Each structure stands twice: as structure tokens, then as C-alpha cells.
Protein chains: 2
Amino acid sequence: MQIGELASKCGVRIDTVRYYEKQKLLIPSGRTEGGYRIYSGVALRELRFILRAKSLGFTLKEIQELLTLKIDRENQPCSSVKELAETKIKDIEEKLAELGRIHQALTGITEACCGGEEPATACSILDALDKEDS
Amino acid sequence: MQIGELASKCGVRIDTVRYYEKQKLLIPSGRTEGGYRIYSGVALRELRFILRAKSLGFTLKEIQELLTLKIDRENQPCSSVKELAETKIKDIEEKLAELGRIHQALTGITEACCGGEEPATACSILDALDKEDS
DNA sequence: CTTGACCCTAGACTTAACTCCAGGGATAGG
DNA sequence: CCTATCCCTGGAGTTAAGTCTAGGGTCAAG
Ligand SMILES: [Zn+2]
Ligand SMILES: [Zn+2]
Ligand SMILES: [Zn+2]
Ligand SMILES: [Zn+2]
């Protein structure tokens, strides 16, 4: 399989595949005489692994660690894998908490705004952003 | 007030203040003979406005729009302000939903992992990322 | 007058994850 | 042989919001 087929099977661009290679995430099984990259079914599986991990919020750097563990599964403990996952979960929970805080604050000041066509001289949103305290 | 005082009063770096100026968010009231920027209390207030808007998730570009509305409050309708806020709220809600989805998926596959010291040959996390379907 | 703290500019660098480009080579079909 | 479609490399550009650097000027105190 050439790079174009691999990419289209996974719904990514060719450049992305080459980029993953540069990041040492996905090495082609070989090259043709002319220098074309060739990929096996293993590579296809690995690319899907990468994309699934990405969709769960892992960065490419973290995916590298996951792949390292996966390749050597027999000698790596579950605890290492779980640690990566739990760290990521904590990241996500922090982001959720922060976003929730922002959401609450913003809906609070927005609900108080009439949203009408009269001048915004007493707009609750502008007032909240411009207030003296904080 | 010079730039250093303004910056430290707001807890930002001098470079940040100059960056905001380059983005047309915060123009100094004037310059000394030697070329030093001078800021008034109005600028201080405006910088705080910018920082508050930022803490609510607005980008600098959006803050520019907010400032434009604020400067001309008398002639701008509440509806314009509220629209900006509501768009931002929708953004945040989308991010919350996406993060929630990820969180759920990730906690699901993570809970099933024993996290022990035995080899990860049957680790639920690696399996979930490597599964055939999806 | 010298020192130290402050300030100036233009422009390069940072992060993450691509994306695009120029300028070419490979390969298959007709 | 010609053409279309694929592929190659190295390097530059993208986004957001700064951050840093080099090389210099300003200002107040002592
Ligand atoms: Zn109103
Ligand atoms: Zn309003
Ligand atoms: Zn286990
Ligand atoms: Zn496990």
C-alpha cells in the first residue's frame, strides 16, 4: 500500500502521514526502488491507533509513549498505561472545571443584558467587564 | 504612569502591553519627550477590561469588537453586545460537550484497566485504542 | 559623571499539529 | 514516447498570544 491509499483509508492527508513519520510515530515498512513509502496492514492499524488516541485528547507526544508501551506490551505493566490515561483524565477534568466556571460567569452577566435595540449605555455585559472591583 | 507600572498593576508583562498596543487594543495617552509611553487611569481601566474579557474566554480579536462597542456605547445597541456574548457562550458549550464526550470515553476504558504491575498484554486501554472496529 | 533602573524598536522565536509549496522523480496506461 | 497520476524532499507558512533578544536611549539619584 502506498501513502495515498493509507491516508485515504484513514481520512487524513498524505502530509499528515509524513508528519507522523517525522515525529517517529509511524514508520513505513519499506520503500520501493523509486523511493515510494510502502505500508503494511500493521501500519494501517497503527495509524488508526494514533487517530483514536488523538480523538481521546492525547497529544502526539503522549501517543508516542502509548505506542512505546504497546509495542512492548509483554514487558510493560498495566500501571504505566493507566497512569498516562489518568493524567490525561485529570487534564480534561481541569479544563472542564475551568470552562464550566467561565460558562457560568458568562451566562450570568449575559442573562442580565436585555439584548434590545436601545443604546448599550447601561449594558450589563459591558458593565461587568468594566467594573471597578474584581 | 509608565508602561512598567501599568503592567505590574495588572499583573502582566510589559511585552504584553506593547503587544496589545500592536493589536490596537490599548493605545497610550501619549509619549514623553524621550519616547516613553504614558498611560492614564483610563488606560488602566481599559487594560483591566481586556484582561477580564480574556478571562471569560474572549480572544483578542473579539475583545477588539467589544471595545469598539464600549467606546461608542451611546450609539450601539445592547443586541450587538449580547450577540457577541452568546456566540462565545455557544463556543464554550460546544467545547464542554466535546470535552465531556472525551472524558466519558476515556474514563470508561480506563476504569476497566486493572492498573497493576502485571504485563499489559490484555490492557483494556491499549485494547480499546487498538480495536478492529470503530 | 556614572550607575542602575527603566524604556525604546524591529524582528525572531515559541507551541502543536499540521498544511502548503517548489521543483522535481516514478509509474502505469495507451 | 507521452501523459496523468502518483510520489519524493526540504523548507516555509499557519494560528494565537505572547515572549525574548540585540542593541541602544532616557532618566533620576548620588
Ligand atoms: Zn440593554
Ligand atoms: Zn446589554
Ligand atoms: Zn491490567
Ligand atoms: Zn491496563
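Chain A is divided by its domain assignment into domain 1, covering residues 1-68, and domain 2, covering residues 85-134. Keep in mind as you look around that this is a predicted model. How far apart do the C-alpha centres of the two domains of chain A lie? The answer is 40 Å.

**The build of chain A**

Let's walk along the chain. Chain A contains six helices and two strands. Starting at the N terminus, you meet two helices, then the two strands, and then four more helices, in the order α-α-β-β-α-α-α-α.

Now for the overall form. The C-alpha trace of chain A spans about 70 × 40 × 20 Å along its principal axes. The radius of gyration of chain A is 24 Å, whereas a compact globule of 134 residues would have one near 14 Å. Contacts tell another part of the story: of those in chain A that link residues at least 6 apart in sequence, 42% join residues at least 24 apart.

**Surface and charge**

What share of the 134 residues of chain A counts as buried? It is 42%. The area that chain A exposes is about 7500 Å², and carbon and sulfur atoms supply 50% of that area. Charged side chains are present with both signs: chain A has 20 positive and 22 negative ones. The centres of these two sets lie 13 Å apart.

**Two residues of chain B**

Next, turn to chain B and find Arg73(B) and Lys70(B). The table puts their burial side by side.

| Residue | Relative accessibility |
|---|---|
| Arg73(B) | 11% |
| Lys70(B) | 16% |

Why does Arg73(B) count as buried? Buried means under 20% relative accessible area, and Arg73(B) counts as buried because its relative accessibility is 11%. Lys70(B) is buried too, because its relative accessible area is 16%.

Where do these residues sit? Lys70(B) has its place in helix H4 of chain B. Arg73(B) lies in the loop between helix H4 (60-71) and helix H5 (78-111) of chain B.

Finally, look at what they touch. Setting aside residues up to four places away in sequence, Arg73(B) touches Pro119(A), Ala120(A), Thr121(A), Ala122(A), Cys123(A), Leu126(A) and Asp127(A). With neighbours within four places in sequence left out, Lys70(B) is in contact with Leu126(A) and Asp130(A) from chain A, and with Phe49(B) from chain B. Leu126(A) therefore appears in both sets of contacts, touching Arg73(B) as well as Lys70(B).

Terms used. Residues numbered from 1 in each chain as written. Chains lettered and ligands numbered in written order. Predicted model: local features only at pLDDT ≥ 70, side-chain atom pairs only at ≥ 80, totals over all residues. Heavy atoms only, no water. Domains from an automatic or database assignment. Rg over C-alpha atoms; globule rule 2.2 N^0.38 Å. Buried < 20%, exposed > 50% of the residue type's maximum accessible area, 1.4 Å probe, protein only. Contact = heavy atoms within 4.5 Å. Areas by Shrake-Rupley, 256 points an atom, 1.4 Å probe, with all protein chains shown as cover. Lys, Arg positive; Asp, Glu negative; His and termini not counted. Charge placed at Lys NZ, Arg CZ, Asp CG, Glu CD.
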